[in-house]
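Biologist: Please put the model up. I have some questions about its strands, its core and its charged pairs.

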Amino acid sequence: GMGMGMPRPGVPGGPFGSGLIVRYDEGKGYGFIKPDDHGEDVFFLRSALPAEVARDARREQLVDARVEFEVQEKEDGKLRAPRIALVHGPGGGHGMGRSDGVVGGGGMMPPMGPMGMMGPMGPMGP
């Protein structure tokens with residue numbers, strides 16, 4: 001049970017997959033994941049995202065994000081992901097610095113102070 005087996009649609013609880021978010025529509029609140037292991041894109045709703053992500057998720061933060069997700073087969077045979085977890089691997093999380101809302105929840109990051117984002121970056125530009 002290391003997650004390497006083939007997904008078996010229809011199993012209660014559903015198999016898990018991993019892939020990349022390829023589309024997200026903020027206005028409509030849904031998107032699609034391109035699975036690593038097979039071709040068909042998996043549909044997801046904003047509510048499938050972790051709460052802190054769904055609250056202020058923007059398209060540029062989510063597209064190309066690596067995720068793990070639960071797979072569920074709908075009545076029409078299409079796949080959907082009722083639950084999604086973002087995987088922050090090497091090089092991930094590049095977009096997180098900009099959004100103010102993320103830090104508030106867990107309070108895990110120390111406050112950066114006024115110099116945090118601005119100061120050091122200035123002189124390096126052309």
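Modeller: A salt bridge here is a side-chain nitrogen of Lys or Arg within 4 Å of a carboxyl oxygen of Asp or Glu. Keep in mind that this is a predicted model.

Biologist: By this rule, how many salt bridges does the count come to?

Modeller: The cut-off is 4 Å between nitrogen and carboxyl oxygen. E60 and R58 pass, with N to O at 3.6 Å. By this rule the count comes to 5 salt bridges.

Biologist: E26 forms a salt bridge with which residue?

Modeller: E26 lies in the loop between β1 and β2, and its partner is in helix α2 (residues 59-62), so the pair ties together parts that are 33 residues apart in sequence. E26 counts as partly exposed, at 28% relative accessibility. The partner is partly exposed too, with a relative accessible area of 40%. The closest N and O atoms are 3.6 Å apart, and the residue is R59.

Biologist: Is E70 buried or exposed?

Modeller: E70 is found in strand β4. Buried means under 20% relative accessible area. E70 has a relative accessible area of 8%, so it is buried.

Biologist: Which side chain meets that of E70 in a salt bridge?

Modeller: Side chains of opposite charge can pair when their charged atoms come close. Here the N to O distance is 2.6 Å. The partner sits in the loop between β6 (79-80) and β7 (84-86), 13 residues from E70. The side chain is that of R83.

Biologist: Which strand does β1 join over 5 bridges?

Modeller: Start with β1, residues 16-25. Over 6 bridges β1 pairs in the antiparallel sense with β2 (residues 30-35). The 5 bridges belong to another antiparallel pairing, in which F16 has E70 as its bridge partner. That strand is β4 (residues 66-70).

Biologist: In β2, what is the bridge partner of L20?

Modeller: β1 and β2 run antiparallel. Within β2, the bridge partner of L20 is K34.

Biologist: Which residue takes a positive phi in the hairpin of β1 and β2?

Modeller: The hairpin has 4 residues between the strands. The phi in question is near 75 degrees. The residue is G29.

Biologist: How many residues has the largest nonpolar core?

Modeller: Nonpolar side chains tend to be buried together in soluble globular proteins. In this model, the residues with the most contacts inside the largest core include I33, F44, L49 and F69. The elements that give two or more residues to this core are β1, β3, α1 (51-56) and β4. The core has 17 residues.

Biologist: Leaving aside neighbours within four places in sequence, which residues is F69 in contact with?

Modeller: F69 is among the residues with the most contacts inside the largest core. Outside those neighbours, F69 is in contact with P15, F16, G17, S18, G19, I33, P35, V42, A81, R83 and I84.

Biologist: Is D41 buried, exposed or partly exposed?

Modeller: D41 is in the loop between β2 and β3 (42-45). Leaving aside neighbours within four places in sequence, D41 is in contact with V22, F32, I33, K34 and P35. Partly exposed lies between 20% and 50%. D41 has a relative accessible area of 31%, so it is partly exposed.

Biologist: What separates the C-alpha atoms of D41 and I21?

Modeller: Along the chain the two are 20 residues apart. Their C-alpha atoms are separated by 9.2 Å.

Notes
Residues numbered from 1 in each chain as written. Predicted model: local features only at pLDDT ≥ 70, side-chain atom pairs only at ≥ 80, totals over all residues. Heavy atoms only, no water. Pairing = 2+ DSSP bridges. Buried < 20%, exposed > 50% of the residue type's maximum accessible area, 1.4 Å probe, protein only. Contact = heavy atoms within 4.5 Å. Core = buried A, V, L, I, M, F, W, Y, C linked by side-chain atoms within 4.5 Å.
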